[in-house]
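Biologist: I would like a close look at a single part of this structure, followed outward to whatever can be said about its surroundings. Please take it slowly and keep to what the model supports.

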Amino acid sequence: MTVDGTPANDATTIPHCYRHPDRETYISCQRCGRPICPDCMRSASVGFHCPECVREAAAQRRPVRTSFGGRVTDGSNTMTIGLIAANALVFIAALASGGVNGSFVRALILIPQQVFVRDNGQVITLDGVADGSYWQLLTSTFLHTAPLHILLNMVGLWIFGSFLESALGRWRFLALYLLSGLGGSVAVYWLSPVNSSSLGASGAVFGLFGAALVILLKQRRDVTQLLVLLGINLVFSFTAANVSWQAHLGGLVSGLLLGAGFAYAPRAQRQTVHAVLLTAFSVVLVLATVARTAALT
């Protein structure tokens, strides 16, 4: 009995878990003091915390970032794998729809200006970017029709994508990949014959080449092997038949510029500088596309 006559084991005096009122407990959250049962205990540096306090602390904690401003990933390379999967799916769809002569490929391939092709004795008109098919600038960078072509591009994407996704964070890496691919397409739009066609992720992969070079230089790491590999690919780009050196060059220049912006932005203003960089580069690509369209039409 207590001094007021209440039984010492009265249920009203025994702490119960605030989330499970039917469970007795003598453990309290070290932050808020609420009683918690074993199912609600979250280990902390001192004692235990309740689930709500753990969530509040996680929301207030500043995310760990890489030296280039991206959020530190868990090493899973989710974005790189996703891009490879997207390219593979488009490749399968292209083969299933008839390959290079199928309607699927003809809708997605990059054509600067309207061309006429023969199909089963009939003349078919294919609209290009100058005729309003602006999506071709992006869709063509995911389009492949030859197994060796997509294999080489995906190997490059895996090698440099894995490195850059970890260094830049997932969203900066995705922006780099897409804008490098678009940079290559815009270069094709300007520099290729108007009746030509272009497809493949080579421009985006060359952008990863360029950005990786800048990032490695910023980290003061040896880039000899990368320079040799890049040199071989550039020689191949300008000497091999049926290779779009325009896409390779445009992607490489885009990657170098974006990589430099990511690597050398002042730490205090890094987030702002990166946002302005990506926006400005996108605007430049749009203006270049508009100017080329005006020149052709």
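In which helix does leucine 151 lie, and what can be said about the surface patch that includes Leu151?

Modeller: This is a predicted model, and everything that follows should be read with that in mind. Leucine 151 lies in helix H5, which covers residues 147-168. Leu151 is one of the residues that make a nonpolar surface patch of about 700 Å², together with Ile81, Leu148, Leu152, Val155, Trp158 and Ile159. Helix H5 gives the largest share of this patch, namely six residues.

From the patch one can turn to the charged pairs, of which the structure holds three that qualify as salt bridges. In one of them the side chains of glutamate 165 and arginine 170 meet, with an N to O distance of 3.3 Å. The two partners differ in their exposure: glutamate 165 has 0% relative accessibility and therefore counts as buried, since buried means under 20%, whereas arginine 170, at 26%, counts as partly exposed.

A second salt bridge joins arginine 55 to glutamate 52, and here the closest N and O atoms are 3.1 Å apart. Both residues belong to helix H1 (residues 51-60), where a spacing of three residues places them about one turn of the helix apart. Arginine 55 counts as exposed at 52% relative accessibility, while glutamate 52, at 24%, counts as partly exposed.

The remaining pair is arginine 23 with aspartate 39, whose closest N and O atoms are 2.6 Å apart. Arginine 23 and aspartate 39 each lie in the segment before strand S1 (42-43), so their salt bridge ties together parts that are 16 residues apart in sequence. Arginine 23 is partly exposed, with a relative accessible area of 30%, and aspartate 39 counts as exposed at 52% relative accessibility.

A contact between two helices completes the picture. The axes of helix H8 (residues 224-239) and helix H9 (residues 245-264) come within 8 Å and cross at roughly 145 degrees. On the H8 side the contact involves Leu230, Leu234, Ser237 and Phe238, which meet Trp245, His248 and Leu252 of H9. Sorted by class, this contact of H8 with H9 has five nonpolar and two polar residues, and no charged ones.

Technical notes:
Residues numbered from 1 in each chain as written. Predicted model: local features only at pLDDT ≥ 70, side-chain atom pairs only at ≥ 80, totals over all residues. Heavy atoms only, no water. Axes fitted to C-alpha atoms, helices over the stretch in contact; angles between N-to-C directions. Helix = DSSP H or I, 4+ residues; strand = E, 2+ residues; numbered from the N terminus. Contact = heavy atoms within 4.5 Å. Nonpolar A, V, L, I, M, F, W, Y, C, P; charged D, E, K, R; others polar. Salt bridge = Lys/Arg side-chain N within 4 Å of Asp/Glu carboxyl O. Buried < 20%, exposed > 50% of the residue type's maximum accessible area, 1.4 Å probe, protein only. Patch = residues over 30% accessible without salt bridge, like charges linked within 9 Å, V, L, I, M, F, W, Y side chains within 5 Å. Areas by Shrake-Rupley, 256 points an atom, 1.4 Å probe, with all protein chains shown as cover.
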